[in-house]
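Please open the structure in your viewer and keep the selection panel at hand. The tour proceeds in stops, each beginning with something to select.

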Amino acid sequence: MVMRYISTRGNSPAQSFTQILLGGLAPDGGLYLPETYPHFGAADLSTMRGMNYRELAYTVLSRFIDDIPAADLRAIIDKTYTPEVYGNARSDEQAADITPLHTLEPGLHLLCLSNGPTLAFKDMAMQLLGNLFEYVLNRAGEDINILGATSGDTGSAAEYAMRGKRGINVYMLSPHNKMSRFQTAQMFSLQDENIHNIAVDGVFDDCQDIVKAVSNDHEFKAKYKIGAVNSINWGRVAAQVVYYFKGYFAATHDNNQQVSFSVPSGNFGNVCAGHIARMMGLPIKHLIVATNENDVLDEFFKTGVYRPRAAAQTYHTSSPSMDISKASNFERFVADLTGRDGAVLRALWEPIDQGGMFDLNQQGWFEQVADYGMVSGASNHASRMETIRDTWEKYGVMIDTHTADGLKVGLEYFEPGVPMIVLETALPAKFDEAIHEALGRAPERPATIGDIENLPQRFTVMRNDVEDIKQFIVSHLAS
Ligand SMILES: *Cc1c(COP(=O)(O)O)cnc(C)c1O
């Protein structure tokens, strides 16, 4: 049976996995979802309990990816999820687990997702995407020019996933002198010829506007095969489903046990993968959506009103990767909640696309949110600092600011008899300033990272000008 992907807005033709892999939004403006979710029954879960990460990844992903031959898919997964790629764990034994579970106290765990090359959970999906892109492009004899804008985590995860890959060029725009020293060093120290760091004289929004302008030039986009790897990419969501299974088996003894996951959330990609794992039969009681001061999602899960903020009302916080105004993957969850009706989704998102809001109380949909196990909470700078300090003093474990938001909100829902798994989404090494403030000392740094700030850097400073950027792309195409 071929797994077909349909748009949440219902007006785009169904596609296969590799047909949607390199694209972004569906032509009708919606997001792709599998027509139905695969399901794992009791017997499947029993078999899966004994699997290592690669076996588990194959078992889950082969249900979503059926237009790549099984042996090839297995080889792609096997070369992605290795202790060498995810080697920044606290010990070698843990690195073999890829996503080790670190128990803080009985029933309270961290699922460590940040041991990849850029020390954030985005590597979990992005590394797989890099290998899938390379495979699909080489098979078709094609190439792609990936254009992106970043304020930190996403850009570096994409660059480390795509570096040295045949048929792939990356042009990553970042605001000149606005990223942290560590983030800058991580990206700019890459010397691979297919990676182009462009430091734009401007702010992050300027970079994003340039990407939008280039993408809206359909002729240019088609001629120079411009692509993206943004957070709505279905491949990224699918790859993230795997570690919910891994975390579940690590935290439980049998498959009758329910667990809850607390997920530091921004674009809703991570927690959307948790929702899909639950739909596939994983015994999840609560999926806890933890936000920072940018609490659009917390407001929705408390009130049923979805009210994305304007850029001017999006705060810059000490958990910057969750500073979002619009949760781009949220539409996938709302599609399931409201019965997968394209007409409903089009009606709901019409005001959103104009900068408005919607209220799911009206048709009784909001009452059904509880059936999906979704609950929420918000954190802020003071609770983040307090949580980092408490975790360090009580357990001797150093966590980053995003994970702190997840732990803080997760503890509000911690109940006897239900293990709580908090997703660790970044390592503290990335957030020097915040760790100094919380603990009065420098963050731990994995030995593999070394003195990255003093490596030679490779980047081009450019004016905030769309034509200049286009010209740069054209003159740096792969030969
Ligand atoms: C991207 C990111 C998040 C938010 O994840 P979403 O999938 O956008 O909800 C949280 N923490 C860190 C460290 C991140 O990089």
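The stops below cover the ligand and then two sheets.

This is a predicted model, in which local features need pLDDT of at least 70 and side-chain atom pairs count only at pLDDT 80 or more, while totals for chains, interfaces and linings use all residues. Residues are numbered from 1 along each chain as its sequence is written, and side-chain values use heavy atoms, with hydrogens and water left out.

**The ligand**

Select the ligand and the 15 residues that surround it, a residue being near if one of its heavy atoms lies within 4 Å. The closest are Lys-122, Asp-153, Gly-266, Asn-267 and Asn-270. The shell comprises 5 nonpolar, 8 polar and 2 charged residues; Ala, Val, Leu, Ile, Met, Phe, Trp, Tyr, Cys and Pro count as nonpolar, Asp, Glu, Lys and Arg as charged, and the others, Gly among them, as polar.

Next, display Gly-266, where a backbone N or O atom lies 2.7 Å from an oxygen atom of the ligand. At Asn-267, a polar backbone atom is 2.7 Å from an oxygen atom of the ligand. Then select Thr-425: one of its polar side-chain atoms lies 2.9 Å from a nitrogen atom of the ligand. How much of the ligand does the protein bury? Taken alone, the ligand exposes 380 Å², of which the protein buries 96% (Shrake-Rupley method, 1.4 Å probe).

**The mixed sheet**

Select the 6 strands of the open sheet ordered E3-E4-E14-E9-E10-E13, whose pairing is mixed. Strands are DSSP runs of E with at least two residues, and helices are runs of H or I with at least four; two strands pair if DSSP finds at least two bridges between them. Strands E3 (101-105) and E13 (374-378) stand at the edges with a single partner strand each, so one side of each lacks a neighbour in the sheet.

Now focus on E3 and E4 (residues 108-112), which run antiparallel and are joined by 4 bridges. Here His-102 stands opposite Leu-110 in E4.

**The parallel sheet**

Finally, select the 5 strands of the open sheet ordered E8-E5-E6-E7-E15, where the pairing is parallel. Its edges are E8 (226-227) and E15 (460-462); each has a single partner strand, so one side of each is left without a neighbour in the sheet. Within this sheet, E5 (residues 144-149) and E6 (residues 168-175) pair in the parallel sense over 6 bridges. Select Ile-146 to find its bridge partner in E6, Val-170.

Notes
Polar contact = N/O pair within 3.5 Å; in protein donor to acceptor, adjacent residues only side chain to side chain.
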